[in-house]
Amino acid sequence: MSTQSASAPSGDLSFEPNGKVAVVTGAAGGIGLGMARAFTSAGMSVVLSDLDADRVEAAAASLRDEGHDAIGVATDVTKFDEVQSLADAAMDTYGKVDVLCNNAGAAVFAKLYNVTMDDWQWTLDVCLMGPIHGVKVFQPLVQQSQGGGHINTTSSVSGLIAGAASGPYNVAKSGVIALMATLEREFRIQKGPHRASVLCPGPINTEISRNSVRNRKAVKGEVSEGGEASKKLGDKIGNFLANGMDPDEVGHIVLNGMMEGKFWIFTHPKLLKLYREQNEMMDENGMLSMGKLT
Ligand SMILES: NC(=O)c1ccc[n+]([C@@H]2O[C@H](COP(=O)([O-])OP(=O)(O)OC[C@H]3O[C@@H](n4cnc5c(N)ncnc54)[C@H](O)[C@@H]3O)[C@@H](O)[C@H]2O)c1
């Protein structure tokens, strides 16, 4: 069951998934794999990519075992050349790319005082430069899509309301909302059949906390100097997310959002209450609302 309301399409175009080709980053598990499952179940072919070569190949193989069309490609989205190679692999295999989902992400959970410059660099590279690389490399391909191309980026509710203890993540996720809003406005000015959207999930039951620690070690050699405090906070957040939404449900919400021509795609629309409160206080007294965010 979707938590998204079945309201009238907000865009003026309908997106027909059958026969389209999608590239999804960060697709070895979690939300990315949920998207890949939803897309293939709607008749799309999917290029799954991830930093983790073994897990992404296993994920693609599991879709092929179910009779779907999917390949896995190891890609580090922080490296422009690797994102270009991902596009080349997609074009070599399918001859086109209709959809890009910039979904790869990672988080360091620490208060700003403890965030190191490495934490900043790593998080911004993965969560902000990754999508920027994706848009730069894939926009020319997606714009050639017959019948409507689409670029989606996974932000977060954290991109709208910056909570405590995840500063670099908040900054990156806020940045990708600006990136996708710019792209969507430019697509609309072109009056073509292409669209951009942003996914702002609430809590989803994935391994992001553990994957982030593992990937951070693999790339930077050591975990943040936020050290034990960060690790404890990460574990706490990991446990909280275990009660979150199933990532397969998120995949269907994204597919439906694209088909309805939506720009904003939410998994937990109720959380928008916090955003409204923030805007109301901005208007009323110029203070930052605290709500449940402390
Ligand atoms: N889980 C949540 O509650 C939640 C909430 C809001 C937003 N998000 C966002 O959803 C997206 C997917 O996260 P998830 O929750 O499914 O966690 P996840 O850890 O299952 O998925 C993220 C994937 O990105 C991959 N990745 C990390 N760095 C990479 C890099 N440099 N290049 C390529 N791949 C890389 C990881 O290996 C991992 O497989 C992320 O952007 C995350 O920030 C998640």
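Q: At what angle do helix α1 (residues 30-41) and helix α8 (residues 247-259) pack?
A: This is a predicted model, and in it α1 and α8 pack at an angle of about 55°, with their axes 7 Å apart.

Q: Why are α1 and α8 called oblique to each other?
A: Roughly parallel needs an angle under 35 degrees, and roughly perpendicular needs 65 to 115. The angle here is about 55°, which fits neither range, so α1 and α8 count as oblique. Their crossing is right-handed.

Q: Which residues make the contact of α1 with α8?
A: On the α1 side you'll find Gly30, Ile31, Leu33, Gly34, Met35, Arg37, Ala38 and Phe39. From α8 come Pro247, Asp248, Val250, Gly251, His252, Val254 and Leu255. Sorted by class, that contact has 9 nonpolar, 4 polar and 2 charged residues.

Q: What makes α4 roughly parallel to α5?
A: Helix α4 (residues 117-142) and helix α5 (residues 167-190) pack at an angle of about 15°, and their axes are 9 Å apart. The cut-off for roughly parallel is under 35 degrees, so with about 15° α4 is roughly parallel to α5. The α4 and α5 crossing is right-handed.

Q: Which residues in α4 meet which residues in α5?
A: Among them, α4 offers Trp120, Leu124, Leu128 and Val135, while α5 offers residues including Tyr169, Val171, Val176 and Leu183. The contact of α4 with α5 divides into 14 nonpolar, 2 polar and 2 charged residues.

Q: What makes Leu124 partly exposed?
A: Leu124, which lies in helix α4, has 17 other C-beta atoms within 10 Å. Buried takes 20 or more, and exposed takes 12 or fewer. Since 17 falls in between, Leu124 counts as partly exposed.

Q: Which residues is Leu124 in contact with, leaving aside its neighbours within four places in sequence?
A: They are Met129, Pro168, Val171 and Ala172. Two residues count as in contact if their C-beta atoms lie within 7 Å. As for Ser62, it sits 62 residues from Leu124 along the chain, and their C-alpha atoms are separated by 31 Å.

Q: How do you know that α3 is roughly parallel to α4?
A: Helix α3 (residues 80-94) packs with α4 at an angle of about 30°, with axes 9 Å apart. Again the limit is under 35 degrees, so about 30° makes α3 roughly parallel to α4. α3 passes α4 in a right-handed crossing.

Q: Which residues in α3 and α4 meet?
A: Phe80, Val83, Gln84 and Ala87 in α3 meet His133, Gly134, Val137, Phe138 and Leu141 in α4. By class, the contact of α3 with α4 splits into 6 nonpolar and 3 polar residues, with no charged ones.

Q: How do you know that the radius of gyration agrees with that of a compact globule?
A: For 294 residues, a compact globule would come out near 19 Å. The protein chain has 18 Å, so the two agree. If you want the outline too, the C-alpha atoms fill a box of roughly 50 × 45 × 35 Å along the principal axes.

Q: What else describes the protein chain, in helices and strands?
A: There are 9 helices and 7 strands. Of the 294 residues, 47% count as buried. And of the contacts with a separation of 6 or more, 74% come from residues 24 or more positions apart.

Key. Residues are numbered from 1 along each chain as its sequence is written. This is a predicted model: local features need pLDDT of at least 70, side-chain atom pairs count only at pLDDT 80 or more; totals for chains, interfaces and linings use all residues. Helices (H or I, at least four residues) and strands (E, at least two) are DSSP runs, numbered from the N terminus. The radius of gyration is taken over C-alpha atoms; the globule rule is 2.2 Å times the number of residues to the power 0.38. Axes are lines fitted to C-alpha atoms, for helices over the stretch in contact, and angles run from 0 to 180 degrees between N-to-C directions. Angles under 35 degrees count as roughly parallel, over 145 as roughly antiparallel, 65 to 115 as roughly perpendicular and the rest as oblique. A crossing is left-handed if the near helix is turned anticlockwise from the far one by less than a right angle, and right-handed if clockwise. Ala, Val, Leu, Ile, Met, Phe, Trp, Tyr, Cys and Pro count as nonpolar, Asp, Glu, Lys and Arg as charged, and the others, Gly among them, as polar.
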